[in-house]
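Let's take a friendly walk through this protein chain. Have the sequence and the 3D view open as you read.

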Amino acid sequence: MFKELRVISGVTISPNGDLTFVGSDAKIHRTDASGSEKWNYTVGDIGRAYPIITPQGVTIAASYDDTVYALDPAGKLLWKQKLDGDIYATPALRVDGSVIVATAGGSVHALSSAGKTLWTFKVGSPVFSSPAIGPDGTIYFGAQNNLMHALTPDGKLKWTYAAGSLVFSSPAVGPDGSVYFGSSDRRIHAVTPDGKPKWTLLTGLFVNASPIITSGGLVVVGSYDGSVYAVNTTGEAEWTYRAGAGIAGSAAELSDGTVLVPDLSGTVHAIGKAGQSLWQLKTGKKIDTGLSVSDQGSAYFVTDGGGLNILLKGRPLAVGPWTSFHGAPNPVGRVPTPVELQAQTQARRAAASAVIAALKPSTPASTAPAQPARPPVTTQPAQPTRPAQPSQPAQPTQPTQPAQPSQPAQPSQAAQPVTPALTPAQYAAAAAQKARVADGQLYLPLTEAAAALGLNVQNVTVRTATLRVQGQLVPVTVRAFDRAAFVPLAALTDLPGAQASLTRTPSRGVTVTLNGRSTLFPVNVARLLSLESALEFARSDR
């Protein structure tokens, strides 16, 4: 089933099967299980964070207007709280009804069930990783300072763990408090509850997706190298499945052990317990969020342009501490208690035992020994938040031969460094004219800035973009303004081999030297930023 609902966030599922999401119309929507609307509430901007539902039926949702909203079961506003930056990360709900919210402004906030600030922790770096709560109440999240953080329930720092690069991935927390996450350093990391390294596993490209933990204790996560990795608790890869396109969304484990994973080419993969391909559903539209699966056995996913896709009469989620993004169909981001696990079992029993049409598995030739896969050819997606008319998704098809990596979609036309329509200087000037300032950073439009530096842009999502720099793929943070992707100027100056300096003559601006070519972005940094912030760009040979 397919519905054009212009969904832009992840899809949250209530116990009764109702759906809640944020649309590209900047509204919070509640629908029934088939996508028929019950109510909506207008907010100040779009948002990509999953809403969460409290046991009392209150909807907690966030948007890019820096605000958290609480709505009653009928969709009426109870309270709202403006914070210090865009909210990309999904909040986490604590047992006492308070919520943990992270912002791109570089802070983590605890809000009471009435919306009052309980405490604020200053990270000092944007947070796109959704906070997760361990069995003892410890709060875990990653940030753009390359660190995984652990806070006490009252907001005090317990420890940090250093990854080798940015941490977009949201952590999964095991029942013993172990923390699992990915990083742009191309590794999957496992950390003990006291912050000590447990193990790491190298993949072929960066890991921005958020891991799940299966009912059998495997850590499963996809990488931009086009592979899905299943790793046991000692750090050994049990199997590797080659999807053939980069993966940004989380997996979900069903009650029969099947793992569903979407990829950026628009294919949903069903993977068996041994890592073999069971079936594939090819939509041809990018999927960069995970699948949500109801207790009644319906699976939901969103394709580029906001189309809601529904797979009916399947298995429910497996019962476990973290078998989907943020742990549940209603992604509260907290390790469930034994009572909550028992409730999960009861709620999913009917769908788990129902008779459904079985698909004959394909030959498990797509399973490979544990090793980094060759990075696939990446696709150039459309702008991450620009609605596009989606096409009717295909029905699941039965593979008739060993599963091969799917052919990436034809890239959409983008500004290329070869024979550009404008000169690099003209692109730089156009980028400077559109410059924005937010949270103490100067942002340039991604398309124009990359063209000015002679870089190809690949795999744009709402939070990241991939740039090809000197033959390697490099992830950078992006932010949406007017539904277009912007990149921090500081991120461009930190690219491999880049150097930057303030220029005052003959024109005022910032000169970035990359690949032996110097490009002047004519932005008046001192005017746009405070003098203190501007000094960051005065350092030469960065």
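The notes below go from the whole chain to one sheet and then to the nonpolar cores.

## The chain as a whole

Please keep in mind that this is a predicted model. The protein chain holds six helices and 43 strands. Of its 542 residues, 61% are buried.

The protein chain exposes about 20200 Å², and carbon and sulfur atoms supply 52% of that area. Looking at contacts between residues at least 6 apart in sequence, 50% join residues at least 24 apart.

## A four-stranded sheet

One place to zoom in is an open sheet of four strands, in the order β26-β27-β28-β29, with antiparallel pairing. Its edge strands are β26 (252–253) and β29 (277–282), each of which pairs on one side only.

Strands β27 (residues 259–262) and β28 (residues 267–271) run antiparallel and are joined by four bridges. Here you can find Val-261 opposite His-269 of β28.

## The nonpolar cores

Which residues touch the most other members of the largest nonpolar core? In this set of 36 residues, they are Leu-444, Leu-446, Leu-467, Leu-495 and Phe-521. Elements that give two or more residues to this core include α2 (424–433), β35 (441–445), β37 (464–469) and β42 (509–514). The helix α3 gives the most, with six residues.

Leu-495 is a good residue to click on: leaving aside residues up to four places away in sequence, Leu-495 touches Leu-455, Leu-467, Val-469, Val-474, Val-476 and Leu-514. Another core, of 27 residues, lies apart from the largest one, and its members include Ala-132, Met-148, Val-167 and Val-207.

Note on methods: Residues are numbered from 1 along each chain as its sequence is written. This is a predicted model: local features need pLDDT of at least 70, side-chain atom pairs count only at pLDDT 80 or more; totals for chains, interfaces and linings use all residues. Side-chain values use heavy atoms; hydrogens and water are left out. Buried means under 20% relative accessible area, exposed over 50%, partly exposed in between (1.4 Å probe, protein chains only). Contact means heavy atoms within 4.5 Å. Accessible areas come from the Shrake-Rupley method with a 1.4 Å probe; for residues, only the protein chains shown count as cover. Two strands pair if DSSP finds at least two bridges between them. A nonpolar core is a set of buried Ala, Val, Leu, Ile, Met, Phe, Trp, Tyr and Cys residues joined through side-chain atoms within 4.5 Å.
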